[in-house]
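Reader: Please pick out one helix and give me a close look at what lies against it, then work outward to the contacts elsewhere. Keep it plain.

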Amino acid sequence: MLDWDISIVLIIILLGFLAAFIDAVVGGGGLISIPALLAVGMPPAVALGTNKLASSFGSLTSAFRFLRSGNVDLKIVGKLFPFVFILAICGASVATFLPAELLKPLVIIILTLVMIYTLVKKDWGNVRTYTKLTFGKAILFVSIMSLIGFYDGFLGGGTGSFMLFILLMFGFDFLGAAGNAKVLNFASNLGALILFMILDQVDYFYGLIMAVSMICGSYVGATFAIKKGVSYVKTLFIVVTAILIIKNAYDYIMQLIN
């Protein structure tokens with residue numbers, strides 16, 4: 001564990017709040033929280049584990065806020081939850097011996113396609129068009145969400161955005177997709193966290209401090225999204241997806257150079 005330092009605490013509190021505010025709506029909070037934990041001197045594995053501890057509290061808070069507002073379909077997420085949870089544990093297990101950077105090029109391509117599709121489909125996600133799924137579509141839905149759960153345990157960047165996009169593809173509006181995505185993101189966060197705890201890769205002191213700030217940020221972010229509505233969520237989704245593309249592309253280019 002890092003030595004106690006007030007400057008570290010302040011950094012973790014401020015950036016944890018900002019990360020959770022964004023993550024509560026469209027995901028992508030790890031772009032802020034993980035670099036913050038690395039910047040204060042945590043080893044990469046511990047930073048990832050500590051982030052999962054804090055973000056589990058954050059995603060649970062925003063999930064409850066969306067649930068109270070009626071923007072979560074419990075029948076659907078209840079069925080998906082165990083699959084996402086288990087696959088996240090599997091993904092985190094694989095990450096312990098396989099370099100996560102192997103997925104970076106694919107992630108960049110998928111995120112780019114996601115953003116282009118969202119920009120081209122002007123009215124997409126404005127109105128809920130979800131209907132009961134056929135057996136084949138239900139299998140496809142569960143399989144894709146399970147794979148995203150695996151991805152969150154293995155690499156993680158952009159998990160919330162991927163979940164939100166798939167929910168949109170199956171007919172949810174942006175606000176409903178955000179609410180359901182947060183419940184499922186909590187499942188993947190919790191699954192990965194359990195493995196990091198088993199491997200003793202969590203700094204509980206700073207993790208719990210960040211968790212408190214993330215609880216606050218998540219509540220404020222989810223409340224803001226609910227009040228502002230679909231157009232706000234859609235705009236933030238596009239902005240965060242663009243940042244994720246730039247960040248992943250930069251990391252990949254630097255990896256090739258070095």
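Author: One term comes first: contact here means heavy atoms within 4.5 Å. The model is predicted, not an experimental structure.

The helix chosen is H2, which covers residues 30–39. Its buried residues include Ile32, Ser33, Ala36 and Leu37. These four lie on the same side of H2, because the arc they cover around the axis is only 120 degrees. The spacing fits the general geometry: an α-helix has 3.6 residues a turn, so residues three or four places apart point the same way. The cover over that buried side includes H1, H3 and helix H9, the last spanning residues 204–228. After H2 comes Gly41, and its phi is positive, near 105 degrees.

H1 and H3, which help to cover H2, also lead to the charged pairs. In general, side chains of opposite charge can pair when their charged atoms come close. The structure holds four salt bridges. One of them joins Lys182 to Asp23, with 3.0 Å between the closest N and O atoms. Asp23 belongs to helix H1 (residues 6–26) and Lys182 to helix H8 (residues 174–198), so this bridge ties together parts of the chain 159 residues apart in sequence. Lys182 is buried, at 3% relative accessible area. Asp23 is buried as well, at 14%.

H3 takes part through Lys52. The side chains of Lys52 and Asp152 form a salt bridge with an N to O distance of 2.9 Å. Lys52 sits in H3 (residues 44–68) and Asp152 in H6, so the pair ties together parts that are 100 residues apart in sequence. Lys52 counts as buried at 9% relative accessibility, and Asp152 counts as buried at 3%.

What else does Asp152 touch, leaving out residues up to four places away in sequence? Besides Lys52, the list holds Thr159, Asn185, Ser188 and Asn189. The side chain of Thr159 also makes a polar contact of 3.0 Å with that of Asp152. Helix H6, where Asp152 is found, runs over residues 135–154.

Asn189 gives the view from the other side. This residue is in helix H8 and is buried, with a relative accessibility of 3%. With residues up to four places away in sequence left out, Asn189 touches Lys52, Ser55, Ser56, Ser59 and Asp152. Lys52 is thus listed among the contacts of Asp152 and among those of Asn189. Leu74 is not in that contact list: its C-alpha atom and that of Asn189 are separated by 18 Å, with their positions 115 residues apart along the chain.

Another salt bridge involves loops. The side chains of Arg128 and Asp73 meet at 3.4 Å, N to O. Arg128 is in the loop between helix H5 (104–120) and H6, whereas Asp73 is in the loop between H3 and helix H4 (74–95), and the two are 55 residues apart. Arg128 is partly exposed, at 39% relative accessibility.

H9, also part of the cover over H2, is the place to turn to rings. A pair of aromatic rings is described by the distance of the centres and the angle of the planes. The structure holds 10 aromatic pairs. One of these is formed by Phe224 and Tyr232, an edge-to-face pair with 5.2 Å from centre to centre and 80 degrees between the planes. Together with Phe21, these residues make one aromatic cluster. Which of the two ring partners is buried and which partly exposed? Tyr232 is buried, with a relative accessible area of 18%, while Phe224 is partly exposed at 36%. The cut-off explains the first label: Tyr232 counts as buried because its 18% is under 20%.

Last, the cysteines. A disulfide is a covalent bond between the sulfur atoms of two cysteines. With a limit of 2.5 Å between sulfur atoms, the count of disulfides is zero. Cys90 is partly exposed, at 35% relative accessible area, and Cys216 is partly exposed at 40%.

Conventions
Residues numbered from 1 in each chain as written. Predicted model: local features only at pLDDT ≥ 70, side-chain atom pairs only at ≥ 80, totals over all residues. Heavy atoms only, no water. Phe/Tyr/Trp six-rings, centres within 6.5 Å; stacked < 30°, edge-to-face > 60°. Buried < 20%, exposed > 50% of the residue type's maximum accessible area, 1.4 Å probe, protein only. Polar contact = N/O pair within 3.5 Å; in protein donor to acceptor, adjacent residues only side chain to side chain. Arc of directions from axis to C-beta.
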